[in-house]
Amino acid sequence: MIQGKFITFEGPEKSGKSTQARLLKQYLLRKGHSCLFIREPGSTSLSEKIRKILLNKKNNHISHFAEMLLYMTARAQLIKEVIIPALRDGKVVLCDRFVDSTIAYQGYGLGIDINLIKKIGKFVTQDIKPDITILLDLGDKNSLFKDNHKKDRIELRSEGYHKRVIKGYFLLSRRYPKRIKVVRVKDNIFSTQEEIRKVINKCLLKK
Ligand code: TMP
């Protein structure tokens, strides 16, 4: 039985992370686990304010380094205010994005030194690491560039940028194969969810 477990969801824009995390939460609740769903950046009052700053396309003056530190600041607050207390209470914390996002988006995407991001990440998270990370792989289903929805400051970046982010994620999954499990996104959200549940059952519930 799992107790106080930390599950993160990662992947490119429009990969359905939050939908899948919410479906997993329903499943775990039915199994009798106490669960919490949160997102990054966000899920505390301060972190939601930082999210607004980071995603507002008018804020195109933010330097790469300041951007990375703002994501880390939002995370520092979330760890202290929400994640550590929930894990101490024995809850399963389902988090939409975490440090891997900063490595993929600000490290591989913007070119900030990956080891520096890891060091700052270790410091702000008080070295709390996910027990398991579900990395959603869209394959050739990536719709960001075909889609005309209102894009935020990060989504508006070039196709090259987003390709570097995806490549970064795969490098991470190869570097940490025990923690990061790649799940291919299927046409049907419930088929994708089935794969995620298999991974969670295998890696966490039977421990
Ligand atoms: P979301 O739309 O998946 O909620 O994430 C918000 C955006 O912020 C998304 O474009 C990914 C980006 N992001 C980073 O660039 N670095 C980070 O560390 C995190 C957590 C998100």
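1. The lining of the largest pocket draws at least two residues from each of α1 (17–30), β2 (35–39), α2 (45–55), α3 (64–88) and α4 (99–109). The model is predicted, and the points below should be read as a description of that model. In total, 27 residues line the largest pocket, and its volume is about 560 Å³.

2. The residues that lie nearest the centre of the largest pocket are Glu13, Lys17, Glu40, Arg51 and Arg97. When the lining of this pocket is sorted by class, 12 residues are charged, eight are nonpolar and seven are polar.

3. The second largest pocket has a volume of about 330 Å³. Its lining is made of 14 residues, and Val99, Lys118, Lys129, Tyr176 and Arg179 are those nearest the centre. Two or more residues of this lining come from α4, and two or more from α5 (114–124). By class, six residues of the lining of the second largest pocket are nonpolar, six are charged and two are polar.

4. Helix α4 thus deserves attention in both cases: α4 gives at least two residues to the lining of the largest pocket, and α4 also gives two or more to the lining of the second largest pocket.

5. How do α4 and α5 pack, in angle and in axis distance? The angle between them is about 150 degrees, and their axes are 10 Å apart. Angles over 145 degrees count as roughly antiparallel, and α4 and α5 are therefore roughly antiparallel to each other. The crossing in which α4 passes α5 is right-handed.

6. A second helix pair is formed by α2 and α3, whose axes come within 9 Å and cross at roughly 160 degrees. This angle again places the pair above the cut-off of 145 degrees, so α2 and α3 are roughly antiparallel to each other. The crossing of α2 and α3 is left-handed. Both α2 and α3 also supply at least two residues each to the lining of the largest pocket.

7. The loop between β2 and α2 merits inspection of its backbone. Pro41 is placed in this loop, and the peptide bond from Glu40 to Pro41 is cis, with omega near -10 degrees. Glu40 is also one of the residues nearest the centre of the largest pocket.

8. Ser43 is found in the loop between β2 and α2 as well. Its phi is near 70 degrees, a positive value in a residue other than glycine. Is Ser43 buried, partly exposed or exposed? The relative accessibility of Ser43 is 27%; because the range for partly exposed lies between 20% and 50%, Ser43 counts as partly exposed.

9. Lys14 likewise has a positive phi, about 60 degrees, although Lys14 is not a glycine. Lys14 is placed in the loop between β1 (6–10) and α1. With a relative accessibility of 41%, Lys14 counts as partly exposed.

10. Which element holds Asp96? Asp96 is placed in strand β3, which covers residues 92–96. The relative accessibility of Asp96 is 8%, and since buried means under 20%, Asp96 counts as buried. From Asp96 to Asp187 the separation is 91 residues in sequence, and 21 Å in space from C-alpha to C-alpha.

Terms used:
Residues are numbered from 1 along each chain as its sequence is written. This is a predicted model: local features need pLDDT of at least 70, side-chain atom pairs count only at pLDDT 80 or more; totals for chains, interfaces and linings use all residues. Side-chain values use heavy atoms; hydrogens and water are left out. On a 1 Å grid over the protein atoms alone, a cavity is a set of points where a 1.4 Å probe fits but cannot get out, and a pocket is an open set with protein on both sides within 12 Å along at least five of seven lines; lining residues have an atom within 4 Å of a point. Grid points are joined across faces, edges and corners, and a volume is the space filled by probe spheres set on the points. Helices (H or I, at least four residues) and strands (E, at least two) are DSSP runs, numbered from the N terminus. Ala, Val, Leu, Ile, Met, Phe, Trp, Tyr, Cys and Pro count as nonpolar, Asp, Glu, Lys and Arg as charged, and the others, Gly among them, as polar. Buried means under 20% relative accessible area, exposed over 50%, partly exposed in between (1.4 Å probe, protein chains only). Axes are lines fitted to C-alpha atoms, for helices over the stretch in contact, and angles run from 0 to 180 degrees between N-to-C directions. Angles under 35 degrees count as roughly parallel, over 145 as roughly antiparallel, 65 to 115 as roughly perpendicular and the rest as oblique. A crossing is left-handed if the near helix is turned anticlockwise from the far one by less than a right angle, and right-handed if clockwise.
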